[in-house]
Amino acid sequence: MIALSLSEIAAIVGGQSHDIPDPAVRVTGPVVIDSRAVEKGSLFAAFAGERVDGHDYARGAVEEGAVAVLAARPLPGVPVIVVDDVVQALGALARAVVERLGATTVALTGSAGKTSTKDLIAQLLRTKGPTVWPAGNLNNEIGVPLTALRAVEDTRYLVLEMGARYLGDIRYLTGLVPPRIGLVLNVGTAHIGEFGGREQIAVAKGEMVESLPSAADGGVAVLNADDPLVRAMKSRTEARVILFGEADEADVQAENVRLTATGQAAFRLRTPSGCRDVTLRLYGEHHVSNALAAAAVAHELGMSVDEIAEALSEAGTLSRWRMEVTERADGVTIVNDAYNANPESMRAALRALAAMGGASRAEGGRTWAVLGPMAELGDESLAEHDAVGRLAVRLNVSKLVAVGGREASWLRLGAYNEGSWGEESVHVSDAQAAVDLLRSELRPGDVVLVKASRSAGLERVALALLESTTEGEVSGR
């Protein structure tokens, strides 16, 4: 964060100082919400969560080097700025800091691919100047301000991911850190249980483009030409519109899209300033759309087509458990995509698995889909889990391992009903059962995809399969 005195921060957030010996002392380190992440000069924001109350760790945070604590109540003997609402105070501080910077803010949203696209944009823009972006998917009312507060005086680009579970969420986030460039990737079925339908999700995602400055003031909306609900958002913004996709009307296009023998996407990138070939290091055809979105942003910010193509071809995965591909010493490949899942990302991952398994299948290898529940689908849950199970059969995945309770049983039932799979699909109760099964069945050349919603914790399966030992249980059952 840019250096601010405690008196300045108190004024920005409308807080009262308690037990602060010198209000002129400045915060020179990061703003953190985990006392273990405190550095000298930090500001520690204490949140009272369902399981842990950050106020209990405030004294320790100061002892570790925090200058003060942003808190909801006084803490005797601890330098504290007391506010009515710590979340709102954090947002106010982020807004004030960003307003003092000259950085270009890029914000993106979408039902699927946000984190991967954010990582791609960051890897492109950092070749042109100091860039700040969120680790993982810090995309809510706490994560967005925390990311913005990492910006310093020389930050040139600020890249933000914004999520939504309810109408008004993105409007609130863009109010905290107003973007100049707003990107909408797609409208899918993630959180459809809360929204009630894709049209309502489109209303929520479109809050991004409604927040942008007008074209005269430099506002730019980057929209997916291949998604009708996103393309229709052109009418909801006064910003200049740039379209990306494979559609003819797209300003930034992909042509001749194909997959390499190892399942990585390749295509011809066409921009208003020229064309170049790109071969991604990322696995799966779904990353083409993400790459086009990143290319559109980079082109808008002055990168040449040569620079964009080179950076895209070199870009990797920055966030954990998103199509992380690791080959074990025995020749088994583990694809850890267990951070989260929705119907769109599940289908994309299965198609990537099928492509990756092409070469191994010719040598006797098999493809394994280890899938868990997709959360927050509401009344669509049965149909969507059934459809994913059926897709695994249509893609000729060798074996489906459905992990968990009722939703997992729907995955397995969909596969069973689609074809004569029988024992080629199996339902197991939990992560440890999946690990036990796989350890006894895997052989060199096999490719294993692990994917589920975050709440299922299936990353434990992938991590256990990558351990050097073959004994022991999955931690955290």
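This report walks through a few parts of a predicted model, from its sheets and helices to some single residues.

## How confident is the model?

Let us begin with confidence. The protein chain has a mean pLDDT of 92, and 95% of its residues reach 70 or more. One stretch to treat with care is residues 468-477, where pLDDT stays under 50. For that stretch the model has 16 contacts beyond four places in sequence.

## A sheet of five strands

A good landmark to look for is an open sheet of 5 strands, arranged in the order 2-7-6-5-4 with mixed pairing. Strand 2 (16-18) and strand 4 (31-32) are its edge strands, since each pairs on one side only. Strand 2 runs antiparallel to strand 7 (residues 80-82), and 3 bridges join the two. Within this part of the sheet, Gln 16 stands opposite Val 82 of strand 7.

Two helices lie across strands of this sheet. Helix 1 (residues 6-13) lies across strand 2, strand 5 (43-45), strand 6 (68-71) and strand 7, and its direction makes an angle of about 15 degrees with strand 7. Helix 3 (residues 86-100) lies across strand 4, strand 5 and strand 6, running at about 120 degrees to strand 6.

## Strands 12, 13 and 14

Further along the chain, strand 12 (residues 220-224) pairs with strand 13 (residues 240-245) in the parallel sense, over 5 bridges. Val 220 has Arg 240 of strand 13 as its bridge partner. Strand 13 is also joined to strand 14 (residues 252-259), by 2 bridges, and these strands run parallel too. Here Gly 245 stands opposite Gln 253 in strand 14.

## Asn 139, Thr 115 and Glu 161

Which residue has side-chain polar contacts with Asn 139 and with Thr 115? It is Glu 161: a polar contact of 3.0 Å joins its side chain to that of Asn 139, and another of 3.0 Å joins its side chain to that of Thr 115.

Asn 139 sits in the loop between strand 9 (131-132) and helix 5 (143-148). Its relative accessibility is 15%, so Asn 139 counts as buried. Setting aside residues up to four places away in sequence, Asn 139 touches Lys 114, Val 144, Glu 161, Met 162, Gly 163 and Leu 173. Asn 139 and Thr 109 are 30 residues apart in sequence, while their C-alpha atoms are 9.0 Å apart in space.

Thr 115 belongs to helix 4 (residues 114-125). Thr 115 also counts as buried, because its relative accessibility is 8%. Beyond its neighbours within four places in sequence, Thr 115 is in contact with Gly 136, Asn 137, Glu 161, Ser 319 and Arg 322.

## Helix 8 and the loop before it

Which residues of helix 8 (residues 198-205) are buried? They are Ile 201, Ala 202, Ala 204 and Lys 205. These residues lie on the same side of helix 8 because they cover an arc of only 160 degrees around the axis. There is a handy rule behind this kind of pattern: an α-helix has 3.6 residues a turn, so residues three or four places apart point the same way.

Gly 196 is in the loop between helix 7 (192-195) and helix 8. Is Gly 196 buried or exposed? With a relative accessibility of 62%, Gly 196 counts as exposed. From Gly 196 to Ser 214 is 18 residues in sequence and 31 Å in space, taken from C-alpha to C-alpha.

Conventions: Residues numbered from 1 in each chain as written. Predicted model: local features only at pLDDT ≥ 70, side-chain atom pairs only at ≥ 80, totals over all residues. Heavy atoms only, no water. Buried < 20%, exposed > 50% of the residue type's maximum accessible area, 1.4 Å probe, protein only. Helix = DSSP H or I, 4+ residues; strand = E, 2+ residues; numbered from the N terminus. Arc of directions from axis to C-beta. Contact = heavy atoms within 4.5 Å. Polar contact = N/O pair within 3.5 Å; in protein donor to acceptor, adjacent residues only side chain to side chain. Pairing = 2+ DSSP bridges. Axes fitted to C-alpha atoms, helices over the stretch in contact; angles between N-to-C directions. pLDDT = per-residue confidence, 0-100.
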